[in-house]
Amino acid sequence: MTADHGFTGLTGFAADILTALGDVGVGVLVFLEVLVPPIPSEVILPFAGYLSQSGQLHLGWLFFWSTLASWLGALLLYALGAAIGMQRAVRLLAGTRLVSRSDLERGADWFARRGGWTVLVGRMVPGVRSLISIPAGASRMGIVRFSVYTIIGSGLWNALLLGVGAALGTQHEQLEHYLGYLDYVVYAAIAVALVVLVVRRVRESAGVRRQTPDSGES
């Protein structure tokens, strides 16, 4: 069956994957986004919402599966924090090079200063959204309260992003002649993300090197 989403190139490939996986597949991608933050829901969910207007995906099920996946992923990180503690979790995740140590420490600091409400608000803050689950687990925040805050915060965020995409999808005919240029936008975004990732890693490595002589002298 030939897809009629109108996308070509890289974005067409992504659209084909989403339509092939269906509504449940969006949940899989969101679950991965929770565990591997470089896969952004800011891209996945609006794109899925846009495609829902062609009848290939169902907006209601997209919301259900994405929110369920957000909660399940958050529970997994909560369990990690509860099982091994904040410091060991930071070392473990930072060692994968997929997560920035500064983001982990920022989430922990924010949770320590603001308390459990950060689990609700943090679900709508890029860079903190996934990682806030770790200090919540490490501090043994009540799992029922954690789940309620996670579902509400993630639900609001997912509904917003899906809604934006769906609204654009209703203007498909007006936007159709611009869709071919979207690949260039995606390539540019990937290039910027890679540059930012490299710069952050260089800065973190430089910071470690500066601290090492001091720790050796004490």
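Helices (H or I, at least four residues) and strands (E, at least two) are DSSP runs, numbered from the N terminus. Leu156, for example, lies in helix H8.

This is a predicted model, in which local features need pLDDT of at least 70 and side-chain atom pairs count only at pLDDT 80 or more, while totals for chains, interfaces and linings use all residues. Residues are numbered from 1 along each chain as its sequence is written, and side-chain values use heavy atoms, with hydrogens and water left out.

**Exercise 1. Describe the chain as a whole, beginning with its elements and ending with its confidence.**

Solution. Start with the elements: the chain has 10 helices and 0 strands, and read from the N terminus they run α-α-α-α-α-α-α-α-α-α. Next take burial, where buried means under 20% relative accessible area, exposed over 50%, and partly exposed in between (1.4 Å probe, protein chains only); by this rule 39% of the 218 residues of the chain count as buried. Then turn to contacts, that is, heavy atoms within 4.5 Å: among those between residues at least 6 apart in sequence, 74% join residues at least 24 apart. Finally, consider pLDDT, the predictor's confidence in each residue, from 0 to 100. The chain averages 78, and 72% of the residues score at least 70. Confidence is lowest in helix H9 (residues 172–175), with a mean of 61, and highest in H3, with 93.

**Exercise 2. Follow Ala74 and Thr150 from their helices to their surroundings.**

Solution. First, place the two residues: Ala74 lies in helix H3, while Thr150 belongs to helix H8 (residues 143–169). Second, check burial: Ala74 counts as buried because its relative accessibility is 0%, and Thr150 is buried because its relative accessible area is 0%. Third, list the neighbours, leaving aside residues up to four places away in sequence: Ala74 is in contact with Val34, Arg123, Ser133, Phe146 and Thr150, and Thr150 touches Ser70, Trp71, Ala74, Val119, Arg123 and Gly155. Fourth, look along the chain from Ala74: Leu131 is 57 residues away in sequence, yet the C-alpha atoms of the two are 8.3 Å apart in space.

**Exercise 3. Decide whether Ala79 is buried, exposed or partly exposed, and find how far its C-alpha atom is from that of Ser133.**

Solution. Ala79 also lies in helix H3. Ala79 counts as partly exposed because its relative accessibility is 39%. The C-alpha atoms of Ala79 and Ser133 are separated by 8.6 Å, although the two residues are 54 apart along the chain.

**Exercise 4. Describe the largest nonpolar core and name the elements that build it.**

Solution. A nonpolar core is a set of buried Ala, Val, Leu, Ile, Met, Phe, Trp, Tyr and Cys residues joined through side-chain atoms within 4.5 Å. The largest one has 16 residues, and those with the most contacts inside it are Val26, Leu45, Ala48, Leu51 and Leu62. Two or more residues each come from helix H1 (9–35), helix H2 (41–52), helix H3 (59–84) and H8, and the largest share, 6 residues, comes from H2. To see one member closely, take Leu62: leaving aside its neighbours within four places in sequence, Leu62 is in contact with Asp23, Val26, Ala48, Gly49, Ser52, Leu57 and Leu162. Apart from this core lies another, of 13 residues, among them Tyr78, Phe111, Val128 and Tyr149.
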